[in-house]
Amino acid sequence: MTDRYTHLVNTGFTATLAKRLGLPQPAILRRFSAGDPLVPGPVLVLGPDTHDGSDSDAVAQHLLGLDLDVHRSPSTGTARWGAVVLVLTEIERVEDLSEHVLAAGSVLKQTARGARVVTLVREPQPDDAPALAAARQAVDGFTRSLAKELRGGATANGLVLAGGAAAGGEGVLAPLRWFLSARSAFVDGQLLTVGPADVPAQDDARPLEGRVAVVTGAARGIGAAIARTLARDGAAVVCVDVPAAGEHLAKVANEVRGTALQLDITADDAGERIVAHARARHGRLDVVVHNAGITRDKLLANMDAARWDSVLAVNTAAQLRINDVLLASDLFRDAPRIVSLASTSGIAGNRGQTNYGASKAGVIGMVRATSPLLADVGGTANAVAPGFIETEMTARIPFATREVARRLNSLQQGGQPVDVAEAVAFLGSPGAGAVSGQVLRVCGQNLVGA
Amino acid sequence: MTVLPPSRTVTGPPPGTRVETLPSVPGLGGLYVRGAAGSAAAQIPGRTTATTLPAVAHRVEGVRVDPGHLTSYQHLLGETGSDALPSGFCHVLAFPVATAVMVRTDFPLPLLGMVHVANAASVLRPVHLGDALDVTAWTQDLRAHRRGTQLDVCAEIAVDGEVAWRGISTYLAKGVHLVGGAESSDAESSVTADASDQESSGEVGASVVWRLSADVGRAYGAVSGDRNPIHMSALSAKAFGFPRAIAHGMYTAARALADVGARRGPTYDWTVEFAKPVLLPGRVDVTYTTGADGAWTYAGRSSSGRPHLAGTVIPNA
Amino acid sequence: MTTSPTPSSPREAYVLGGNRIPFGKVGGAYARSSNQDMLTAALDGLVARYGLQGERLGEIVGGAVLKHSKDFNLVRESALGTALDPRTPAFDLQQACATGLEAVITVSNKIRLGQIESAIAGGVDSTSDAPVAVSPGLRRALLTAARARDLPTRLKAFAKVRPADLAPDAPRTDEPRTGLSMGEHQAVTTARWGITREAQDEIALRSHHNLAASYERGFQDDLVTPYRGLVRDQILRPDTSAEKLGKLSPVFGKRLDHMPTMTAGNSTPLSDGASAVLLGSADWAAARNLPLLARVVDAETAAVDFVHGHEGLLMAPVHAVARLLTRQGLTLGDLDLVEIHEAFASVVLTTQAAWADDDYCRTELGLPGALGTIDPAKVNVNGSSLAAGHPFAATGGRIVAQTAKQLAELQAASPAAGPFRALVSICAAGGLGVAAILESVPTTEGDPR
């Protein structure tokens with residue numbers, strides 16, 4: 001599961017050689033390590049600052065409060081920039097963009113490895129004046145294009161404030177901090193919509209402290225990484241997988257100091273058993289991660305019922321059935337979180353995966369419709385759509401195909417299971433309470449289906 | 001009503017027996033050479049042989065048991081590693097002294113070819129490792145038998161001047177007719193009768209199975225000193241008319257005694273009558289039954305039901 | 001039902017959960033796994049299921065029947081390989097096939113006495129990796145050579161070694177005092193009680209079907225953790241039938257006058273596997289949100305004189321149960337579940353035949369009359385050793401864990417009834433038999449947990 005190429009082009013002689021040959025030079029991404037600063041250098045906060053209490057000022061004040069080196073204008077300091085935050089929530093015309101984006105552009109050659117650009121903009125509304133809508137929508141295209149231009153593991157993402165979300169509120173600031181952090185390493189070119197929900201301030205070091213999380217398919221790969229990441233963030237984790245995967249499941253459960261629950265999620269009583277276990281053993285249930293999934297690839301022309309039905313049953317129907325139990329349970333009432341694993345195949349489609357693509361698109365539809373059902377209790381439902389992730393499964397893809405798949409994104413490499421896990425942990429955290437019904441892609445800005 | 005075994009009714013050498021004290025326990029190897037020579041001499045046609053047993057007892061005083069020897073014996077037979085000498089071990093201790101009597105030139109029967117048909121032994125007082133043992137052996141009661149001549153080879157072990165163990169081994173010299181008179185009862189037939197009693201008692205199967213490997217004869221030969229060629233190997237046994245090596249009768253009887261185990265108590269009588277020899281390697285199915293008086297009877301048969309041995313172990317409460 | 005220790009009455013010990021690895025057949029999935037490997041896996045699965053990582057338990061007690069001498073501290077060494085606190089003490093215990101149940105009894109008693117709050121009782125056996133010893137001759141030579149101070153003495157030690165001494169000494173499962181295998185012993189008992197071939201095959205069939213059904217309904221999901229790619233017991237044959245079982249040739253009792261009835265199908269094969277049972281006091285369990293599956297009520301161990309043929313080798317549980325029920329003032333009718341370890345199908349039948357025999361119960365058990373009969377629907381309801389296999393020391397843990405869970409299910413299904421009672425009966429080599437009574441824990445009102 002190691003990407004030897006990325007290692008070679010970043011070290012010693014082979015790095016020099018790669019540069020001479022003009023080979024793609026994927027960077028080693030900045031990933032989370034306890035104790036590292038939020039960003040690898042000073043933060044430049046740009047955006048209209050015409051009045052006291054402007055959005056850009058609120059953001060800058062918040063970042064200052066985190067002991068970061070915050071600047072409001074480009075300067076010629078010696079340190080490389082760690083992040084640029086473009087607070088464009090108060091722009092009204094496309095002409096307003098120029099000053100701020102060009103200021104941002106002026107520092108791009110002096111950014112640190114793994115730097116971040118984050119844009120903040122308000123969601124265009126149908127009743128916006130055309131000029132306002134154009135300005136707001138422009139930020140979308142700007143952000144995605146900028147993401148493709150950045151190098152050295154830097155990423156550009158955006159927050160789209162909807163429904164009057166306050167730029168200085170935790171509902172926006174917590175996602176902002178996550179985008180700035182190393183935890184979003186493989187998320188690039190994404191725009192995440194943030195609603196107006198009231199979100200309490202959270203401690204990013206242990207955001208899930210005291211929370212109980214269930215992870216299905218936790219025995220291996222991405223599921224195991226999710227269990228580890230949730231546990232790292234403070235959650236007590238119930239690791240669920242089919243009985244046949246019990247040996248690995250036990251290892252993961254012991255590693256994260258959680259509990260193992262051997263269970264086939266397609267069983268009629270799977271939801272009840274999950275709730276019963278959480279209730280009996282932990283007394284609460286806060287986060288459910290629907291990670292378990294299967295692939296049974298075949299062209300539709302050759303598809304049999306078993307392949308089609310089993311993929312839909314595991315990847316979609318089981319999640320729906322478990323969610324019904326969760327929604328009806330008195331245990332799932334304290335700002336609960338549902339995070340489902342979707343896939344870029346469910347967004348862009350993939351040859352030979354009509355069943356899988358359908359199931360994952362179904363998941364996207366499901367979280368969108370589940371989201372309002374949880375709003376009353378401060379709950380959210382979201383999906384994470386991984387792109388090419390280096391797992392045991394992708395390791396079995398033939399070399400040439402794998403090499404191409406890996407490089408077809410702005411970061412020119414495959415992601416790690418932990419990158420998906422970070423996104424899941426973020427969406428499972430209290431701080432993501434204003435993010436709901438969304439699909440967060442963890443794909444390094446894959447070229448297809450963007 | 002249990003009939004007392006001869007090891008309880010005999011009380012020392014017959015009157016008029018002269019006791020010859022040997023300086024130490026004689027080596028059996030040398031005795032066999034003498035015995036074989038004597039046997040050969042006894043077979044010389046026209047040689048006049050004695051028709052009475054020598055009125056002599058051999059005696060060795062102050063015999064000490066070697067702990068390693070005792071342990072080897074106990075492990076081989078399945079006895080517990082107690083410091084109390086099993087009756088069979090007492091037999092082994094006395095055997096060379098008794099053999100010394102039987103290889104005397106005035107002993108009337110050939111040593112080789114004599115068949116051990118029955119044995120009775122009594123532990124009258126517990127004998128322990130570390131006791132100084134006075135071993136006395138003699139022969140008595142030469143008598144006519146349907147198939148030759150029988151006699152008893154008797155041995156006593158005394159501790160502090162008191163007899164603690166006595167063994168009576170009955171031998172048959174086949175085809176040697178030295179004396180007239182009433183023929184004694186046939187041991188084999190009584191074993192057979194015993195065995196058929198067992199079958200009719202409604203018992204299902206054997207209690208215990210012995211699986212005897214081909215080297216059991218050599219192993220018992222090593223601890224008992226009885227290296228009679230018929231026990232040592234198939235080849236040497238063939239020389240004496242057996243298809244394969246045969247197990248020592250006393251080995252099988254001592255196994256049965258060990259099987260009864262702790263419930264024989266500290267003092268007990270132990271008898272055996274031998275029927276068909278056990279060919280090696282071989283399997284013996286053994287049945288144990290106990291009566292209300294605590295007396296054990298045992299019978300060992302081949303898988304086809306042919307009797308090998310039968311006997312009793314009677315605790316002296 | 002919380003109890004606290006008082007000077008006059010011991011408190012209660014509860015079964016809180018269990019775990020085992022699927023049982024493999026000899027030379028099968030665990031052919032290269034050691035006892036320590038398997039026991040560690042069973043313990044780790046238990047720790048994972050109940051979230052006991054880093055927990056310092058009162059004690060871990062268990063053992064193996066076939067044990068290498070290097071495994072003198074098998075259970076402690078296994079414990080050190082788990083996610084438990086390494087300060088958890090452990091010791092080895094061995095009582096042949098009853099090792100696992102005896103371990104449960106032992107730790108229960110310690111919990112009841114207040115000496116410990118929590119424990120794991122376990123057991124493991126490998127017939128694939130059984131210890132093979134050198135012959136006594138070679139062993140003596142090796143030990144002498146090891147003690148020798150110079151080369152000549154060392155070489156001299158080996159001069160006594162005969163070619164035959166080089167052959168290894170394989171472990172024997174025959175009874176040391178009778179030379180008979182357990183199957184040959186039980187064949188005698190089977191014939192003595194007139195048990196038919198058909199009745200034995202029926203027991204075997206039901207065992208396979210019951211165990212397969214328990215897997216199908218997910219009952220085993222929180223009792224078994226796969227190991228080395230094995231997900232279910234390797235000898236389990238869900239599709240076996242009376243016809244298939246009826247075609248097998250007898251393997252035991254062929255030397256008896258009676259028609260032999262015991263086949264490979266109605267006798268338990270040699271197996272590899274491990275099991276572990278979590279026990280604790282009510283307080284300890286409550287502090288960790290662990291369910292009280294069943295209370296360990298009482299236990300009794302018996303032995304019979306099989307050496308001289310008076311009683312069958314595997315009949316000791318008949319005696320143990322009689323004494324246990326008498327002491328508890330119970331009858332067979334008071335039991336809701338009965339687990340009789342299926343060393344052989346006929347053990348299930350001879351055991352019950354003896355209890356139903358008036359004369360036998362009077363003369364051998366000292367009872368006023370027959371102990372009675374048991375509804376077959378209550379016996380081994382989730383299958384037993386004929387279907388699961390029987391890694392000697394692991395069987396007790398398997399039975400106790402699944403019986404405790406079954407009791408908890410009965411209780412949950414009828415909250416107003418109970419307590420429900422189960423009898424566990426395990427026969428063992430050496431004429432040993434161990435029996436225990438478990439009881440479900442009625443949920444107190446207002447405590448849905």
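The buried residues of helix α8 of chain A are G246(A), E247(A), L249(A), A250(A), V252(A), A253(A) and N254(A). In this predicted model, the helix spans residues 246-255 and is mostly covered, with seven of its 10 residues buried. The cover comes from two chains: it includes α7 (221-232), β8 (236-241) and β9 (259-262) of chain A, together with α1 (35-50) of chain C. After α8(A) comes R257(A), a residue with a positive phi, near 55°.

A second helix of chain A, α4 (residues 97-107), holds L97(A). With a relative accessible area of 12%, L97(A) falls under the 20% limit and is therefore buried. Beyond its neighbours within four places in sequence, L97(A) is in contact with L88(A), I91(A), A135(A), A138(A) and V139(A). As a distance marker, the C-alpha atoms of L97(A) and R30(A) are 29 Å apart in space, while the two residues are 67 positions apart in sequence.

The surface of chain A offers a contrasting picture. V404(A), L408(A) and L447(A) form a nonpolar patch there, and together they have about 260 Å² of accessible area. V404(A) is placed in helix α13 (residues 399-407) of chain A. Its relative accessible area is 51%, so V404(A) counts as exposed.

Chain C carries a surface patch of another kind, one of positive charge, in which R139(C), R140(C), K156(C) and K160(C) gather. Within this group, K160(C) is found in the loop between α5 (151-159) and α6 (182-192) of chain C. K160(C) has a relative accessible area of 67% and is therefore exposed.

Turning to paired charges, the count over all chains comes to 59 salt bridges. One of them lies in chain A, where the side chains of R144(A) and D140(A) meet at 2.7 Å, N to O. Both residues belong to helix α5 (residues 130-149) of chain A, and because they are four residues apart, about one helical turn separates them. R144(A) is partly exposed, at a relative accessible area of 27%.

In chain C, a salt bridge joins the side chains of D233(C) and R20(C), again with an N to O distance of 2.7 Å. D233(C) lies in the loop between α7 (197-216) and α8 (242-246) of chain C, and R20(C) in strand β1 (residues 14-20), so the pair ties together parts that are 213 residues apart in sequence. What is the relative accessible area of D233(C)? The value is 4%, and D233(C) is therefore buried. R20(C) counts as buried too, at 3% relative accessibility.

Another salt bridge of chain C brings together the side chains of E300(C) and R323(C), at 2.8 Å, N to O. This pair links distant parts of the chain: E300(C) is in strand β9 (residues 294-303) and R323(C) in helix α10 (residues 316-328), 23 residues apart. The partners differ in their exposure. E300(C) counts as buried at 12% relative accessibility, whereas R323(C), at 40%, counts as partly exposed.

Some salt bridges share partners, and in this way R211(B), R283(B), D285(B), D174(C) and E184(C) are joined into one network. The residues of this network come from chains B and C.

At the level of whole chains, which two share the most contacts? Of the two pairs of chains in contact, that place goes to chains A and C. Chain A and chain B, by contrast, are joined by no contact, and their closest C-alpha atoms lie 44 Å apart.

Chain B itself has nine helices and 11 strands. Of its 317 residues, 53% are buried. Its contacts reach far along the sequence: among those with a separation of 6 or more, 74% are between residues 24 or more positions apart. The accessible surface of chain B comes to about 13,300 Å², and carbon and sulfur atoms account for 55% of that area.

Definitions and conventions. Residues numbered from 1 in each chain as written. Chains lettered and ligands numbered in written order. Predicted model: local features only at pLDDT ≥ 70, side-chain atom pairs only at ≥ 80, totals over all residues. Heavy atoms only, no water. Patch = residues over 30% accessible without salt bridge, like charges linked within 9 Å, V, L, I, M, F, W, Y side chains within 5 Å. Areas by Shrake-Rupley, 256 points an atom, 1.4 Å probe, with all protein chains shown as cover. Salt bridge = Lys/Arg side-chain N within 4 Å of Asp/Glu carboxyl O. Lys, Arg positive; Asp, Glu negative; His and termini not counted. Charge placed at Lys NZ, Arg CZ, Asp CG, Glu CD. Buried < 20%, exposed > 50% of the residue type's maximum accessible area, 1.4 Å probe, protein only. Contact = heavy atoms within 4.5 Å.
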